[in-house]
There are 2 protein chains.
Amino acid sequence: MDRLAFYRSLSMPSDQRILFMVLDGLGGLPHSDTGLTELESANTPTLDELVAGGECGLTVPVLPGVTPGSGPAHIALFGYDPVENQVGRGVLAALGVDFDLRPGDVAARINFCTLDDDGNVVDRRAGRIDDLLAVPLTERLDAIDLGEGVECRVRHVKQYRACVILRGDDLDGRIADTDPQRTGVPPLAPRALTDAAGPTADLAARFVDAARHALTDQDVANGVLLRGFDGFRPLPSFADLYGLRAAAVASYPMYLGVARLAGMSEHRADDSPDGLVAMVESVADCDFVFLHYKATDSRGEDGDHEGKVAEIEKADALLARLRASFDVIMVTGDHSTPARMRSHSWHPVPLLIHSALARSTERSFGERACAQGSLGQVRSVDILPLVLAHAGRLRKFGA
Amino acid sequence: MDRLAFYRSLSMPSDQRILFMVLDGLGGLPHSDTGLTELESANTPTLDELVAGGECGLTVPVLPGVTPGSGPAHIALFGYDPVENQVGRGVLAALGVDFDLRPGDVAARINFCTLDDDGNVVDRRAGRIDDLLAVPLTERLDAIDLGEGVECRVRHVKQYRACVILRGDDLDGRIADTDPQRTGVPPLAPRALTDAAGPTADLAARFVDAARHALTDQDVANGVLLRGFDGFRPLPSFADLYGLRAAAVASYPMYLGVARLAGMSEHRADDSPDGLVAMVESVADCDFVFLHYKATDSRGEDGDHEGKVAEIEKADALLARLRASFDVIMVTGDHSTPARMRSHSWHPVPLLIHSALARSTERSFGERACAQGSLGQVRSVDILPLVLAHAGRLRKFGA
């Protein structure tokens, strides 16, 4: 029996409410002046109180040494194996612009590019054109009609990036990238990686031709490169696996989109603490609330140690307003984003599970304190079952 | 190569004796008055001495968040994957009443039930009849002759519960429960879950009819419901895998029965410390002794924190009398049974391995101390190989 089927076989109802709070990019590295990480520097009275009645540990998002993107990092947090359940960039891009993907849709990332008269790639990013130019060009591509009962939608993402979604019968996303990864050569033809994907690869080739036509009056953005083809396959839902009414609250569509893969209802909040609190309060009928807090990661990516400290403190204040409504509270990050690195990293991430059934040991919430925590080092995929156990949602296995 | 075959390929002889002591339900939760768990409260001079020359850690019995029953918990301690090697309730019940199961036997749990004149279930537990009534009715069922060279044995378990064992050629236990899980409807017919189980399902149906006949003069316990069919499949034995002469010493038949799955010899002791010590001394020719201590779990199930503390202290005194006869001593629980929860739980369990080759670090034996232990967090299935290594029973892998 596979792991999810096993947990499904043990799930049972409970009236305990779970808050599953993800501070994006929470983990960090010590600042050279203070020797303290962002989290260790932050003044977090609420988290410290929750720690005193909770258990701590460190999570490994995917596998040791692996730096995850937001997609696999959240898929792991939601309890799915992130290596077995890889989601293509095309699908993540479409989810990220709030496109209403349906099972069977195939999506790919688009890069606008510059081609010379011989059709060779001159610039793989079309001079990094800005949104002002890219949006109307995207609209031209969205008007392409591939016929044959296939719907073709194109949405702008950012600058020279867009995405295309194909909807029709028997589509298959196992298609290789058309980006040749260098200049001076033509784009590759969309190539099916399996026989079943042949017709979809033909459709993609017709889309590339039609795009070339639609952009023929352009000097810079006169071609497209396609990457990250994938079909949209929802995962077994939280409702089906655990009987959970699960809600996702986030200010960025991408995270709501990943939560949609798990069958959570989506609740987009504005970026303010008040907006997030109001949205969490609006889903009082749900017994599982995934709350995503974005700005910790953004300040990490900016290399802004102090700014990340400030965002952690804001998240702590947010938690103070929410905690009374929940019986079990989990706080972690999807990955580390040390300000010193200005990027995601592989470093394990602080984890806190607060419930009436915790063996509390720690005194504060931080990377080094969590390394001594009673939960030890935990894979991200194992967090959800632990949280379900604390909420009384897993029955005894065997006699 | 699978995991067991790999360890088997590395096993080699040694004259070091191993004591594998399981304090049932050892793990606990802090008491609200003292902030200490049962084990942390107990005065355990012997365990503390063993810790000083040993290594500690915490074990995860099955998977994170999973609360195991005694069967899977012991199967894991004996080094077998507890999810891959699930044992049906019928087999565990038969082992629990000390029935001499043989490979190929099929066993099922029986609930006496009350049927109305139309054959519909009125009470799924026959008014929870007591042993006094149930024992003679069980004897009636034991007298049923199914013919066709099939032996049919019925044994009483407790109150309205019994078990039936079928012995014959080509039996197959993949049969669905007959318990409809509600009243007002007739029992389900025994249904084969695979073609190979068809003839066994027919036998089970004939047993149900014969039972109805045998109980026809009864008002309350006038029918039977069958649950947890399974065939008895011994696991690869300790002798075959590791060349161990392994003995099991316990006062409850159920634990001896699970040990029989692993091919250990069975030695039932009375419930006193003297009885357990004498039985362990009687197997001086065995190089592996599994010693099961039941009362820690019983007091946990009672919600008796102080009683569980006292039982841990008794087990500690027992260990003082035994330790000189062994080179490697392992002490853990099969699972946690926090008195606060009055039930098994998923919480990791304290683990101690004492040998001349330990990297000792800890000062005392308790949940929080073990969380800091040098063994870290260990799955229960990995304990046995560690113990074998400490006893010099695993050769070098590769050159």
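Colleague: How many bridges join strand 8 of chain A to strand 9 of chain A?
Modeller: Four bridges link strand 8 (residues 246-250) and strand 9 of chain A, and the two run parallel. Keep in mind that this is a predicted model.

Colleague: Which residue is the bridge partner of A:Val249?
Modeller: A:His267, in strand 9 of chain A, partners A:Val249.

Colleague: And what packs on that sheet?
Modeller: Helix 3 (residues 45-52) of chain A does. Helix 3 of chain A touches strand 2 (54-60), strand 11 (328-332) and strand 12 (349-354) of chain A. The direction of helix 3 makes about 60 degrees with that of strand 12 of chain A.

Colleague: What is the strand order in the sheet of chain A?
Modeller: The order is 9-8-10-1-11-12-2-13, eight strands in an open sheet with mixed pairing.

Colleague: Which are the edge strands?
Modeller: Strand 9 (265-268) and strand 13 (376-379) of chain A, each pairing on one side only. From one strand to the next, the twist averages 25 degrees.

Colleague: Switching to helix 9 of chain A. How many of its residues are buried?
Modeller: Seven of nine, so helix 9 of chain A counts as buried in most of its residues at a cut-off of 20 or more C-beta neighbours within 10 Å. They are A:Tyr255, A:Leu256, A:Gly257, A:Val258, A:Ala259, A:Arg260 and A:Leu261.

Colleague: What covers the buried residues of helix 9 of chain A?
Modeller: The cover includes helix 4 (70-77), helix 5 (89-96), strand 8, strand 9 and strand 10 (288-293) of chain A. After helix 9 of chain A comes A:Gly263, with a positive phi near 80 degrees.

Colleague: Which domains does the assignment give for chain A?
Modeller: Domain 1 takes 3-85 + 235-390, and domain 2 takes 91-231. The centres of the two domains of chain A are 34 Å apart over C-alpha atoms.

Colleague: How many residues does each domain of chain A bring to the contact?
Modeller: Six come from domain 1 of chain A and five from domain 2 of chain A. On the domain 1 side, helix 9 (residues 253-261) of chain A supplies the largest share, five residues. That side has three nonpolar, two polar and one charged residues.

Colleague: Now the two chains. How many residues are in contact?
Modeller: 20 residues of chain A contact 26 residues of chain B. On the chain A side, helix 1 (3-10), strand 13 and helix 14 (383-390) of chain A each give two or more residues. Helix 14 of chain A gives the most, four. By class, the chain A side has twelve nonpolar, five polar and three charged residues.

Colleague: Over to chain B. How far does helix 12 of chain B reach?
Modeller: Helix 12 (residues 305-322) of chain B spans 26 Å from its first C-alpha to its last, over 18 residues. That is close to the 26 Å expected. Its buried residues include B:His305, B:Ile312 and B:Leu319. Among the elements covering the buried residues of helix 12 are strand 1 (18-23) and helix 10 (273-282) of chain B.

Colleague: What about B:Leu322 in helix 12 of chain B? Why does B:Leu322 count as partly exposed?
Modeller: Because B:Leu322 has 18 C-beta neighbours inside 10 Å.

Colleague: What is B:Leu322 in contact with, leaving aside neighbours within four places in sequence?
Modeller: B:Leu19, B:Val277 and B:Val280. B:Val277 is 45 residues away along the chain, yet 7.0 Å separates its C-alpha atom from that of B:Leu322.

How values were computed:
Residues are numbered from 1 along each chain as its sequence is written. Chains are lettered from A and ligands numbered from 1 in the order in which they are written. This is a predicted model: local features need pLDDT of at least 70, side-chain atom pairs count only at pLDDT 80 or more; totals for chains, interfaces and linings use all residues. Domain bounds come from an automatic or database domain assignment. Two residues are in contact if their C-beta atoms, placed from the backbone, lie within 7 Å. Ala, Val, Leu, Ile, Met, Phe, Trp, Tyr, Cys and Pro count as nonpolar, Asp, Glu, Lys and Arg as charged, and the others, Gly among them, as polar. The expected span of a helix is 1.5 Å times one less than its number of residues. A residue is buried if 20 or more other C-beta atoms lie within 10 Å of its own, exposed if 12 or fewer, and partly exposed in between; C-beta atoms are placed from the backbone. Two strands pair if DSSP finds at least two bridges between them. Axes are lines fitted to C-alpha atoms, for helices over the stretch in contact, and angles run from 0 to 180 degrees between N-to-C directions.
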